[in-house]
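Q: I am new to this structure and would like a close look at one part of it, with its surroundings explained step by step. Please take me through the pairing of two neighbouring strands, and then through whatever packs against them.

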Amino acid sequence: MRRFLPDDEIPDDAKGAAIALGNFDGVHLGHQGVIAAARASANARGLKLLGAAAFEPHPRRLFQPDAPPFRLQSRDQRARALDALGLDLLFKIRFDRALSQMTDEDFARHVLHERLGAAHVSVGFDFRYGRGRMGDVERLRAQGAALGFTVDVVAPIEGGPPGEKISSTAVRAAIATGDMDGATRMLGRPWAIEGEVLRGFARGRALGIPTANVALGDYVRPRLGVYAVRADIGDGVSRPGVANIGITPTTGALQEPILEAHIFDFDADLYGRTIEVALIAFLREERKYGSVEEMMPQIEDDVRQARALL
């Protein structure tokens, strides 16, 4: 998959694609439906290229700069998820103050038509664009007809909470409550946190349960507690384990929650390595114990539960 940053010049051989347009945070089943629609249109029209155009940063970060962390994926995770769907191209559109003040017509003309050279655009049913969200899917259809690209609109995909469509908001809500089955169902894969392994206080190693510690950064905050997990240390192998996400109140409360993953039957120096930890199931809430000795039987039980589940 060829990737183009916001300031990259788009060569002629990357134009004329069927493009799925959106934020694609999570690349959940709803997003995958938009991409499938773009693929179907490409096949029907004989277009050789299939692409996605994603806003970066997420518009919420511009309009709500003080909002709590909310991202479902890192940029690299999003790119890998899109690549796995067989896309040829990924265009990143810088979402800044200038873009937010464009009229819908200017966006269609200058971004979709002139810059990306789109032959077709697929969007979700609730897609809005342009200054003050002035443009809707009907206006996009009309603008596309005038500029020479076709447009199709994907209906909501059921599968979120009862009576709700699949959306990034619904996925975030599931993660916040520890409903990893629900998150997995909407994403089409387990939700995962990716980051660099940090040096900590080596308390886990001293207790015989070494952990790889990863900061949560911009990720939406999951329910604090203990999870059965699978970890990829960068070699493509999915290893079972158990993880705590929290402030470790027993051994010294942290200012910000952190992910501490213990990978079963594995002991190697991972400091500085980028790992990805998929949260498979929520086991219990984080608790404060009177002492480390009081905590150890619970940790051993967490390990047994996670091994059995995985």
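A: Within β6, Val151 is the bridge partner of Val121, and this model, it should be said at once, is a predicted one. The two strands concerned, β5 and β6, pair in the parallel sense, and five bridges join them. Together with helix α6, which covers residues 137-147, β5 and β6 form a β-α-β unit that is right-handed.

Both strands also serve as packing partners for a helix: the buried residues of α1 pack against β5 (120-124) and β6 (150-154), and also against β2 (18-22), β3 (50-56), α3 (75-84) and α7 (168-176). The residues of α1 that are buried are Gly30, His31, Gly33, Val34, Ile35, Ala37, Ala38, Ser41 and Ala42. As for the length of α1, which runs over residues 29-45, its 17 residues should span 24 Å at 1.5 Å a residue, and this agrees with the end C-alpha atoms, which are 24 Å apart. Just after α1 comes Gly46, whose phi is positive, at about 75°.

For another part of the chain, one may turn to His110, a residue of helix α5, which comprises residues 104-115. His110 has a relative accessible area of 35%, and because this falls between the 20% limit for buried and the 50% limit for exposed, His110 counts as partly exposed. Leaving aside residues up to four places away in sequence, His110 touches Met102 and Arg115, while its C-alpha atom is separated by 14 Å from that of Lys15, a residue 95 residues apart from His110 along the chain.

Notes:
Residues numbered from 1 in each chain as written. Predicted model: local features only at pLDDT ≥ 70, side-chain atom pairs only at ≥ 80, totals over all residues. Heavy atoms only, no water. Helix = DSSP H or I, 4+ residues; strand = E, 2+ residues; numbered from the N terminus. Expected span 1.5 Å × (residues − 1). Buried < 20%, exposed > 50% of the residue type's maximum accessible area, 1.4 Å probe, protein only. Contact = heavy atoms within 4.5 Å. Pairing = 2+ DSSP bridges. Right-handed = clockwise from strand over helix to strand, strands pointing away.
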